[in-house]
Every structure is written in C-alpha cells, then in structure tokens.
Amino acid sequence: MFKSRQLLIALINHRLKSERNGGFLKSFCMMSEGSKDEQTAKLLKRANEEDENSAEKVHATKRIKAEGEHAEDEKKYPKRKVALLMGYCGKGYYGMQRNPGHSEFRTIEDELVTALIKSGCIPENHGDDMKKMSFQRCARTDKGVSAAGQVVSLKVWLIENIIEKINKHLPQQIRVLGLKRVTQSFNSKNNCSARTYTYMLPTVAFSPKDYDTGNISAFRLEPETLQNVNRVFAFYKGTHNFHNFTSQKAPNDPSARRYIIEMSCGEPFIRSNTEFAVITVRGQSFMLHQIRKMIGLVIAVIKGYVNEEVIERSWGQEKVDVPKAPGLGLVLERVHFDRYNKRFGGDGLHEDLEWDSEEEEIKAFKEAQIHPTIVDTECQEGSMVSWMSTLPIHNFQATSARTLDDKEQKQDNADVGKDSD
C-alpha cells in the first residue's frame, strides 16, 4: 500500500513539474489520454487491493490478539459459577428476557450481557448464545416490571472488582448488587424455592366505584377498608387452580395449580401528596400476569363491581373474566433458595444465598430508582385511575362468551411460555 501511494505521488509531482517547466506536452506526447487514464486506474485499483489486504491483516491481528487475551484471562482468572443479585427499574424495557432477532425491543438481559462482555467477564463470542455460560434467570419479569432482588446464575471469569466493573457499563437504572459463588449444578430458576413480589399502588384503587377520581390526592384509606382488603387477599392462600389468571391455560392443566404462601396489603403512606400502599405476595412460582390479575380481581371486589364469591368461582372449570391491574407498580422483591441453603449453605465451601449484607444497598436502590419512578409515573400518567375506568366493561359473570380479557389475547400470545409475572 505504501509503495503504490509513493508511485501515485511521484506521478502527480512529475506532472506538476512538467507543467511548470512548459514540458507537459513534450513529456506525454507519446501517451494518449486513454492510456493515461488506464494507467491511473490500474494504480488506484492496486492501491485499493493493498488497502483491503491490509485491513484483513489488521482484523486478523486483532482477532488473534483478542483470542490470546482470552487465553491469558482464563489462565489468570478462573471461570466459576456464580449467582448475581440484580436490581432494575423496568420502565422503558420489554421485560427481563432477551428477544433474539428483535433488537428494537430492548430488555434488561440485553444490557447485562453487553456489560458482561465489555467488563471482560465473558468472551465476546458467547454473547449471542449465553447457554455456553450456563446462563439462567430466576424470574422472567414482564414489560415494565421492576426488580430489587432478581438473581441470575452463570459462569464468569472472576476478575478483580468484578461488580464495580460490570456496573460501569450498565445504565443507572440497572445494578448488580451482589455476587456469590455457587455449585456447578446451580440453576437460579430450578433451585428457587419461592418468590416474593410487591405491588405499589395509590390507595384510591380501593375507593368505592362511585368515588370522584378527579382528585386522587384527597383520598385516604380507612382502617376498616384495609382490614377488608386483607381479608379478601387471604382467600388466595394455599394451592388453587389459577387457569383464569393467565393466558392459554386449560382448567385441567396441572401447571395452573399454584401455591400462595401469603398475600397482604401494608399500611398506607404519603408520597408526592398522594396516598400509596404496598401489597406483598409470596408463592412458590407465578404464571404470566397472575399477580396482576389476582390484584385486579380483589380491587374489583372491594370497589363493588362483583361479589367476593367470584374468587372461588375463578378456581373452577368455567371461564371467568378477570381484570389485569397495570404493570407499573409490580416489583420482584426477593427470591428464596431455602432447599439449596439447607443442603449447601453449611458445607464449608459455599455461602447461603441470603443477601443480608446487601440489604442497605438494596433499599437505597429501591428508594433511588424504583419507588420514585412508580410514584412519578402514576401521578403524571394516572395508569391506575385510567385502568379503573375499564372495570365496568368487564363481564364478571361471563363463562363462554368473548370477554374483554380475550381481546388482549394477541398481546399475551407473544409472551406465552413465560413462567412469571
């Protein structure tokens, strides 16, 4: 490439010199204009070919260098199975799980994998197939849903200051909050004993159906109403058939039976002059939209749109139209590994998967990223009040007729197969 450029420069300099000396016509009298152009084109083609060859050599050199660096990393840093504790605000993302072939739908895992590569925790060529790193997430949170205690398991190079380096390449609304070594066979989904979710909502959701929602900041939840709310939530405890609380589950599908350990609503509090409360639900596992539908149905009961007997009827064989509450306030609070901790936590080699030492950091992340987003979005956009206006449209007595929830089927079909809210 260098020689061809020298030849071109010499040719141009010779032409300029000939013009200055008045000898241009004499120098090229034996060369036709066509031959001049042909010679110049050949020189340019040769230069381009040398440029391409040089670029290929540079690329090959970089690839060899990168492979060498990876080999050095493997020698310097061991590849180990770990559990990463994550927190994220789900607003603006299309859920937790990656959508291969749909880069326009950005997910939390897209950001995480990019950060793992950039920080040097995993090889770049494994980014498109994380199975090579034994990657698994504990829960596939839905679009807009946040998490304060998500856990993913994978193999990584245990580089120095690994959490700090990963977070350096993550947006502020996504953080790695903790890391622990686990057994080689550990799978964050299969080894999970239970999951705890919270749902933050304005208490006006429990107002009578004829209440004027034009000024939600004026509403205050009465203690008697809160007591009634928790009485109805208690109906969910135990094992029930939740086929009406998700999409495309037949009444006789064994996987629709889910065990709820506890569900209750806490004391109300004030944020931005509006009263909010937090619902907590703990269960072994949840199906897509299950929690939002459980909450939606209780709100419909408390507001007086339907009698509370609908809850027990929804566990039967017939189709029941169950409203789905907005996703904004839903947060994966914590995942539990009781069986794993009992078997491996005290073996002297592995730690319990409890995050007591990270508790303050978890709390700080929620207060900085999750709760303000829920409160501000609710106050500005009024997603709960807007959803409440659709409750009269639901036909809670419907059994076989097409319901409002059926109209959402196309949207839900894209998410079929997800096993958590």
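Q: Which side chains meet in a salt bridge with D110 and R98 in play, and at what N to O distance?

A: A salt bridge here needs a Lys or Arg side-chain nitrogen within 4 Å of an Asp or Glu carboxyl oxygen. In this predicted model, the side chains of D110 and R98 pair up at 3.2 Å, N to O. D110 sits in helix α4 (residues 108-118) and R98 in the loop between β1 (79-88) and α4, so the contact ties together parts 12 residues apart in sequence.

Q: Are D110 and R98 buried or partly exposed?

A: Buried means under 20% relative accessible area. D110 comes out at 12%, so D110 counts as buried. R98, at 24%, is partly exposed.

Q: Where does E109 find its salt-bridge partner?

A: E109 meets R137, with 2.7 Å from N to O. That pair links distant parts of the chain, since E109 is in helix α4 and R137 in strand β2 (residues 136-137), 28 residues apart. Both E109 and R137 are buried.

Q: What about K366 and E333: which elements hold them, and how many residues lie between those parts in sequence?

A: Start with the contact: their side chains form a salt bridge at 2.3 Å, N to O. K366 belongs to helix α10 and E333 to strand β10 (residues 330-336), so the bridge ties together parts 33 residues apart in sequence. K366 and E333 are both buried.

Q: How many salt bridges does the structure hold, and which residues are joined into one network?

A: The count is 12. Bridges can share partners, and that is how E309, R313 and E318 end up in one network.

Q: How do I check a helix such as α7 for length?

A: Take the rise of 1.5 Å a residue and compare it with the end-to-end C-alpha distance. For α7 (residues 290-303), the 14 residues should span 20 Å, and the end C-alpha atoms are indeed 20 Å apart. As for cover, 14 of the 14 residues are buried, so α7 is largely enclosed by the rest of the structure. Just after α7, G304 takes a positive phi of about 95°.

Q: Which residues form the negative surface patch?

A: Asp and Glu count as negative, and here E351, D352, E354 and D356 make up the patch. D352 lies in the loop between α9 (338-344) and α10 (359-381), and is partly exposed at 35% relative accessible area.

Q: Where is T213, and how far is T213 from S389 in space?

A: T213 is in the loop between β5 (194-202) and α6 (223-233), partly exposed at 28% relative accessibility. T213 and S389 are 176 residues apart in sequence, yet their C-alpha atoms are 9.7 Å apart.

Conventions: Residues numbered from 1 in each chain as written. Predicted model: local features only at pLDDT ≥ 70, side-chain atom pairs only at ≥ 80, totals over all residues. Heavy atoms only, no water. Patch = residues over 30% accessible without salt bridge, like charges linked within 9 Å, V, L, I, M, F, W, Y side chains within 5 Å. Areas by Shrake-Rupley, 256 points an atom, 1.4 Å probe, with all protein chains shown as cover. Charge placed at Lys NZ, Arg CZ, Asp CG, Glu CD. Helix = DSSP H or I, 4+ residues; strand = E, 2+ residues; numbered from the N terminus. Buried < 20%, exposed > 50% of the residue type's maximum accessible area, 1.4 Å probe, protein only. Expected span 1.5 Å × (residues − 1).
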